[in-house]
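The following note sets out points for a colleague's reading of the structure shown below. Each point may be checked against the coordinates.

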Amino acid sequence: MAGEVSEKAQGCVSAPILMVCSEADRAVNLSKQQDFFRKVVKQQPKSWYYCFDDSLHIEHRMMTKLEDNDYEELVITLAKAFVESDLIWVEFEQIAKQITQGQTYDQIILKLNFDGQVSQQLAAMMTQAFGCEHLTCIDPDS
């Protein structure tokens, strides 16, 4: 399906895409998702990719508590951060990489001068202790 969508989208203006997945999701192929995201972000840099760490046990049906997702609020927070922010993928990655190096969220936003572009919701998602080790789960290039 991703290949068909990519083919049809060639040369078209693309809306920003938030791609959310989970390492614990055995119903989809993560490497194919990441390949699809690489194509998406080339056409629309304001797209984000976030993959929840396997340790959270968020499976394919991941959106609500009724679907056994104890982290429903994190999915909602991530969606709000995406909608309320003007960061492109490269900027989102910069923040994540600096978080893994031990810098605080506030230091990074100030240093990179992203203050007006970033939702406060993003601070809840970008912490060194959250998600997979060193936030590699958000990097489709890894």
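How many residues does the largest nonpolar core have, and which of them have the most contacts inside it?

1. The model is a predicted one. Its largest nonpolar core has 34 residues. Those with the most contacts inside this core are Trp48, Phe52, Phe92, Ile95, Tyr105, Leu122 and Met126. At least two core residues come from each of strand 1 (18-22), helix 2, strand 2, helix 3, helix 4, helix 5 and helix 6. In soluble globular proteins, nonpolar side chains tend to be buried together.

2. Helix 4 (residues 89-100) merits a separate point. The helix is mostly covered, with 9 of its 12 residues buried. These are Trp89, Glu91, Phe92, Glu93, Ile95, Ala96, Gln98, Ile99 and Thr100. Against what do they pack? The partners of the buried residues of helix 4 are helix 2 (30-43), strand 2 (48-52), helix 5 (105-112) and helix 6 (121-125). The end C-alpha atoms of helix 4 are 17 Å apart, which agrees with the 16 Å that its 12 residues should span at 1.5 Å a residue. Just after helix 4, Gly102 adopts a positive phi of about 95°.

3. Gln98, within helix 4, is a polar-region check for the reader: is this residue buried or exposed? Gln98 counts as buried because its relative accessible area is 11%, under the 20% cut-off. Not counting residues up to four places away in sequence, Gln98 touches Gln103, Ile108, Lys111 and Leu112.

4. Helix 3 (72-84) precedes the loop that leads to helix 4. Helix 3 has 13 residues, and the distance from its first C-alpha to its last is 19 Å, close to the 18 Å expected at 1.5 Å a residue. Glu72, Leu74, Val75, Thr77, Leu78, Ala81 and Phe82 are its buried residues. They pack against strand 1, strand 2 and helix 6.

5. Ser85 lies in the loop between helix 3 and helix 4. Despite this loop position, Ser85 is buried, with a relative accessible area of 1%. Leaving aside neighbours within four places in sequence, Ser85 is in contact with Lys46, Trp48, Gln117, Val118 and Ser119.

6. The structure holds 6 aromatic pairs. Phe37 and Tyr49 form a tilted pair, 5.5 Å centre to centre and with 50° between the planes. Phe37 lies in helix 2 and Tyr49 in strand 2, so this pair ties together parts that are 12 residues apart in sequence. Phe37 and Tyr49 are buried. The ring centres of Trp48 and Phe82 are 5.2 Å apart and their planes stand at 75°, so that pair is edge-to-face. Since Trp48 is in strand 2 and Phe82 in helix 3, the second pair ties together parts that are 34 residues apart in sequence. Trp48 and Phe82 are both buried.

7. Ring pairs also link Phe37, Trp48, Tyr49, Phe82, Trp89 and Phe92 into a cluster. Where does the charged end of Lys46 sit? The charged end of Lys46 sits over the ring of Phe82, 5.1 Å from its centre.

8. The cysteines deserve a check, as the structure holds 0 disulfides. Cys21 is in no disulfide, and the nearest cysteine sulfur, that of Cys51, is 3.2 Å away. Why is there no bond between the two? A separation of 3.2 Å between the sulfur of Cys51 and that of Cys21 is too far for a bond, the cut-off for a disulfide being 2.5 Å. Cys21 is buried, with a relative accessible area of 1%. Cys51 likewise counts as buried, at 1% relative accessibility.

9. A last point concerns the backbone at Asn113, in the loop between helix 5 and helix 6. The phi of Asn113 is near 60°, a positive value in a residue other than glycine. Most residues other than glycine have a negative phi. Asn113 is exposed because its relative accessible area is 63%, over the 50% cut-off.

Notes
Residues are numbered from 1 along each chain as its sequence is written. This is a predicted model: local features need pLDDT of at least 70, side-chain atom pairs count only at pLDDT 80 or more; totals for chains, interfaces and linings use all residues. Side-chain values use heavy atoms; hydrogens and water are left out. Helices (H or I, at least four residues) and strands (E, at least two) are DSSP runs, numbered from the N terminus. Buried means under 20% relative accessible area, exposed over 50%, partly exposed in between (1.4 Å probe, protein chains only). Contact means heavy atoms within 4.5 Å. The expected span of a helix is 1.5 Å times one less than its number of residues. Rings of Phe, Tyr and Trp (its six-membered ring) pair if their centres lie within 6.5 Å; planes under 30 degrees apart count as stacked, over 60 as edge-to-face and the rest as tilted. A charge sits over a ring if NZ of Lys or CZ of Arg is within 6 Å of the ring centre and within 35 degrees of the ring normal. A nonpolar core is a set of buried Ala, Val, Leu, Ile, Met, Phe, Trp, Tyr and Cys residues joined through side-chain atoms within 4.5 Å.
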